[in-house]
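Grab a coffee and work through these exercises with the model open beside you. Each one sets a task and then walks through a solution.

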Number of protein chains: 2
Amino acid sequence: MDLGLLYSGGKDSTLAALLLEDFYDVTLVTATFGVADAWDHARRTAEELGFEFETVELNDDVAAEAVEQMVEDGYPRNGIQQVHLHALETAAGMGFDAVADGSRRDDRVPSVSRAQAQSLEDRHGIDYIVPLAGFGRGAVDSLVDETLDVTTGPSEEIPKADYEAELRDLLADEHGEEAVAEVFPDHTQTYVTSLSR
Amino acid sequence: MDLGLLYSGGKDSTLAALLLEDFYDVTLVTATFGVADAWDHARRTAEELGFEFETVELNDDVAAEAVEQMVEDGYPRNGIQQVHLHALETAAGMGFDAVADGSRRDDRVPSVSRAQAQSLEDRHGIDYIVPLAGFGRGAVDSLVDETLDVTTGPSEEIPKADYEAELRDLLADEHGEEAVAEVFPDHTQTYVTSLSR
């Protein structure tokens, strides 16, 4: 069975890939608005880990709406949620038998309800799988310690290929760096460099 | 890391074990009230699959309360939920670093809320993991087809070692076979005989 996993190069989506690899033919899929090249870091990590890798282009209008939503809210949650749902819809149309993402039990965003999951599955005739949905922060941290080498730092210095990097760029273009600092205060990111085991 | 997985010999808890085995030292734990020997079938499946196996004795008072709850309700959901939470508490006290169960995304019961999960983890200093929490019915069915040989039939003929078998026996003792038929109408069960891959 072919599975496309939305992939950022971060620890959660990498761990999700490792949990699924014995059961599916996993392709790591990095979604991009084409405004930054953070996806290239995800590609390098995917290669280092031995996974198939693809990028998929998202709709610019969704990015623009998400940026306006974040400015209006003063925090990124709802904007990132919109982009994530759009990325899932996009991945679900790529011809995989199943799509997955790296959301954890304790994530506030992205968060896909059971009804949204079932709707995605029914409309596209696929399975939608969230391998870390039943893992809390402690369990994820332990597994990461045991299996991955990671680099951690402030979001602006870490080349992680989640939507955030591109949304930050778009936000800066439209509303200036102050808007980025207001919407994303003191956020740290990690990305995976290799397997440690 | 040592992980105790509540195990019935059914397809869900067996699949959960396979998802975790690369990441934890998994012991399959079958909880029993000591009123039936269905645990022996779980032991045989565990042995066939090459997992460590233990039984753990649950509190008789919890069984008695669950049976009365089911008779009062006319359906088994709340009674089974009570027993499952008690089994998790019991497993959490056995000295493992993590405990897990085979609940799926679409299960109505057992269902452990995020707050209950976090409370279990904090009070016992363990991780609580639900490997199938992010897998819907379709995904579980596909994975079972690809990985397991299973036998399916009516609950009364399938020797699966979940609490249901023992709760049925207790219900029959206390309230007669009619009560069993009323509380558990036409329920089918599956249990795993071996790996197919």
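**Exercise 1. Take the salt bridge between A:Arg43 and A:Glu47 apart: how far apart are the N and O atoms, and where do the two residues sit?**

Step 1. Start with the distance: the side chains of A:Arg43 and A:Glu47 form a salt bridge at 3.4 Å, N to O. The term asks for a side-chain nitrogen of Lys or Arg within 4 Å of a carboxyl oxygen of Asp or Glu.

Step 2. Before going on, know what you're looking at: this is a predicted model, where local features need pLDDT of at least 70, side-chain atom pairs count only at pLDDT 80 or more, and totals for chains, interfaces and linings use all residues. Residues are numbered from 1 along each chain as its sequence is written, chains are lettered from A and ligands numbered from 1 in the order in which they are written, and side-chain values use heavy atoms, with hydrogens and water left out.

Step 3. Now place the pair. A:Arg43 and A:Glu47 are four residues apart in helix α2 (residues 39–49) of chain A, so about one helical turn separates them. Helices (H or I, at least four residues) and strands (E, at least two) are DSSP runs, numbered from the N terminus.

Step 4. Check the accessibility. A:Arg43 is partly exposed at 27% relative accessibility, while A:Glu47 is exposed at 57%. The cut-offs: buried is under 20% relative accessible area, exposed is over 50%, and partly exposed is in between (1.4 Å probe, protein chains only).

**Exercise 2. Which salt bridges do B:Lys11 and B:Asp40 make, and are the residues buried or partly exposed?**

Step 1. B:Lys11 pairs with B:Asp12, with the closest N and O atoms 3.9 Å apart. Both B:Lys11 and B:Asp12 are buried.

Step 2. B:Asp40 pairs with B:Arg44 at 3.5 Å, N to O. The two lie four residues apart in helix α2 (residues 39–49) of chain B, about one turn of the helix.

Step 3. B:Asp40 is partly exposed at 21%, and B:Arg44 is partly exposed too, at 45%.

Step 4. Over in chain A, salt bridges with shared partners tie A:Lys11, A:Asp12, A:Arg104 and A:Asp107 into one network. Searching the whole structure turns up 20 salt bridges over all chains.

**Exercise 3. Sketch chain A as a whole: how many helices and strands are there, and how compact is the chain?**

Step 1. Count eight helices and seven strands in chain A.

Step 2. The radius of gyration of chain A is 16 Å, close to the 16 Å from the globule rule for 197 residues, so the chain is as compact as a globular protein of that length. The radius is taken over C-alpha atoms, and the rule is 2.2 Å times the number of residues to the power 0.38.

Step 3. Along the principal axes, the C-alpha atoms of chain A fill a box of roughly 45 × 40 × 30 Å. Of its 197 residues, 55% are buried.

Step 4. Look at contacts (heavy atoms within 4.5 Å). Of those in chain A between residues at least 6 apart in sequence, 77% join residues at least 24 apart.

**Exercise 4. Where is the cis peptide bond before A:Pro110, and what does A:Ser111 touch?**

Step 1. The bond from A:Val109 to A:Pro110 is cis, with omega near -5 degrees, and A:Pro110 lies in the loop between β4 and α5 of chain A. For background, most peptide bonds are trans.

Step 2. Chain B has a cis bond from B:Val109 to B:Pro110, with omega near -10 degrees. B:Pro110 is in the loop between β4 (98–100) and α5 (114–124) of chain B.

Step 3. A:Ser111 lies in the loop between β4 (98–100) and α5 (114–124) of chain A and is partly exposed at 36%. Setting aside neighbours within four places in sequence, A:Ser111 is in contact with A:Gln81 and A:Gln116. A:Gln81 is 30 residues away along the chain, yet its C-alpha is 7.1 Å from that of A:Ser111.

**Exercise 5. Which residues does A:Thr55 touch?**

Step 1. A:Thr55 is in strand β3 (residues 52–57) of chain A, partly exposed at 38%.

Step 2. Not counting residues up to four places away in sequence, A:Thr55 touches A:Thr30, A:Thr32 and A:Trp39.

Step 3. Follow A:Thr30 into strand β2 (residues 25–32) of chain A, where A:Thr30 is buried at 0% relative accessible area.
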